[in-house]
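Hi,

Here is the model we talked about, with the sequence alongside. Have a look at it first, and my notes follow underneath.

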Amino acid sequence: MKMMINEKNKPINKDLFLETSIPRKLLFGHSLVKEEIKKYLRGVRSWSSFYVLMEYKRSVVKTLIDLYFVTLEEDTPSDALNYFAEGFRQRETKIILSAIAEFLKEPDIANDKEKFLIKLETWIHSALVYFDTLIYEYVDNMTQCPLAKASINASFQNFLEEINCKTECTVERLWKSSKGHLKKLVKEAKEHNDKNEGFTKPLPLIESAISNPNTPKTKTKCMQAGDFVIALEMPRHLRMLTFDKAFERICGILGKEVLVLPSLVALKKMRVSVT
């Protein structure tokens, strides 16, 4: 869905809903990406959900804490990064590489374990504060996911325990109350032979929730269906800001406004064409 433009070719002010990719890229993204996001944040209020907060904590904060503990065990930050790169998932590795790009702006930090750990601690605290200051308000918490409450106040280890899913939420209520929307999503995908993999890949799981709302209620399945949870929780009066193209289809079918920002590659090409 295209956003409205005023006579000065600037986006018309409308409150935004930030899904997980936005705060993550604002914190660790390329300067061009950060610049692009900030164009849309100026002069508007940014909303989000506790489910997005949970995803942010699990993907960003947990990953940094995991690296912190790996570094404690290794002789050098370099060894820790090599171990981390081989033993963790691609998304986690990309987040760490982005963080390290920020760290390396300071000389010799890659070879100074003590300095590296201090910097990591600072980033962990800053990452939590950053999300809180970015968000104006949260939408209704339909899933009641307790992972969003994970805190480092007691200790980093306590955070890792609290961010571990024990399926104590009420996400099945969201699936049950959204049965009509789920049917529409599945119907649209089948009728149009949709090629958007981010949208179509979780659809069998979404379809199973129509007959049994408890089916997606596992740690792995909830992660797979996360984009649908986020889109369903977002109220219609907000416009989603995202880099994830799956939301273009999900929100479009649900009749909700979404703006998918260009990738770094696309932004670079745009800059070249302008110059």
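Let me start with a pair that sits inside: K217 and E172 are both buried. Their side chains meet in a salt bridge, 3.0 Å from N to O. That pair ties together distant parts of the chain, with K217 in the loop between α11 (203–211) and α12 (219–224) and E172 in helix α8 (residues 171–177), 45 residues apart. Before you read on, keep in mind that this is a predicted model.

**Other salt bridges**

The count for the model comes to 10 salt bridges. One of them joins the side chains of K14 and E257, at 2.7 Å from N to O. Here too the partners come from distant parts of the chain: K14 is in the segment before β1 (16–18), while E257 belongs to strand β5 (residues 257–260), and the two positions lie 243 residues apart in numbering. How exposed are the two ends? K14 is partly exposed, with a relative accessible area of 24%, whereas E257 is buried at 10%. E257 counts as buried because its 10% falls under the 20% cut-off. There is also a network here: salt bridges link K14, R239 and E257.

A more local case is D66 with K62, whose side chains form a salt bridge of 2.8 Å, N to O. Both residues lie in helix α3 (residues 50–73), four residues apart, which is about one turn of the helix. D66 is buried, with a relative accessible area of 11%, but K62 is partly exposed at 23%.

**The sheet**

What is the strand order in the open sheet? Its five strands run β3-β2-β1-β4-β5, with parallel pairing. β3 and β5 are the edge strands, each pairing on one side only.

At the β5 edge, strand β4 (residues 239–242) pairs with β5 in the parallel sense over four bridges. Within that pairing, M240 stands opposite V258 in β5. To get from β4 to β5, the chain passes through helix α14 (residues 246–254), and this β-α-β crossover is right-handed.

At the β3 edge, strand β2 (residues 46–48) runs parallel to β3, and two bridges join them. If you want to find the spot on screen, look for W47, whose bridge partner in β3 is E137.

**Two more residues to click on**

D227 is in helix α13 (residues 226–233). With 17% relative accessibility, D227 counts as buried. Which residues does D227 contact, leaving aside its neighbours within four places in sequence? They are D244, A246, F247 and I250.

A150 lies in the loop between β3 (137–138) and α7 (156–162). Is A150 buried or exposed? At 3% relative accessibility, A150 counts as buried. Not counting residues up to four places away in sequence, A150 touches K57, F159, E162 and I163. The C-alpha atoms of A150 and E161 are separated by 8.3 Å, and these two residues are 11 apart along the chain.

That's what I have for now. Shout if anything is unclear when you open the file.

Cheers

Definitions and conventions: Residues are numbered from 1 along each chain as its sequence is written. This is a predicted model: local features need pLDDT of at least 70, side-chain atom pairs count only at pLDDT 80 or more; totals for chains, interfaces and linings use all residues. Side-chain values use heavy atoms; hydrogens and water are left out. A salt bridge is a side-chain nitrogen of Lys or Arg within 4 Å of a carboxyl oxygen of Asp or Glu. Buried means under 20% relative accessible area, exposed over 50%, partly exposed in between (1.4 Å probe, protein chains only). Two strands pair if DSSP finds at least two bridges between them. A crossover is right-handed if, with the strands pointing away from the viewer, the path from the first strand over the helix to the second runs clockwise. Contact means heavy atoms within 4.5 Å.
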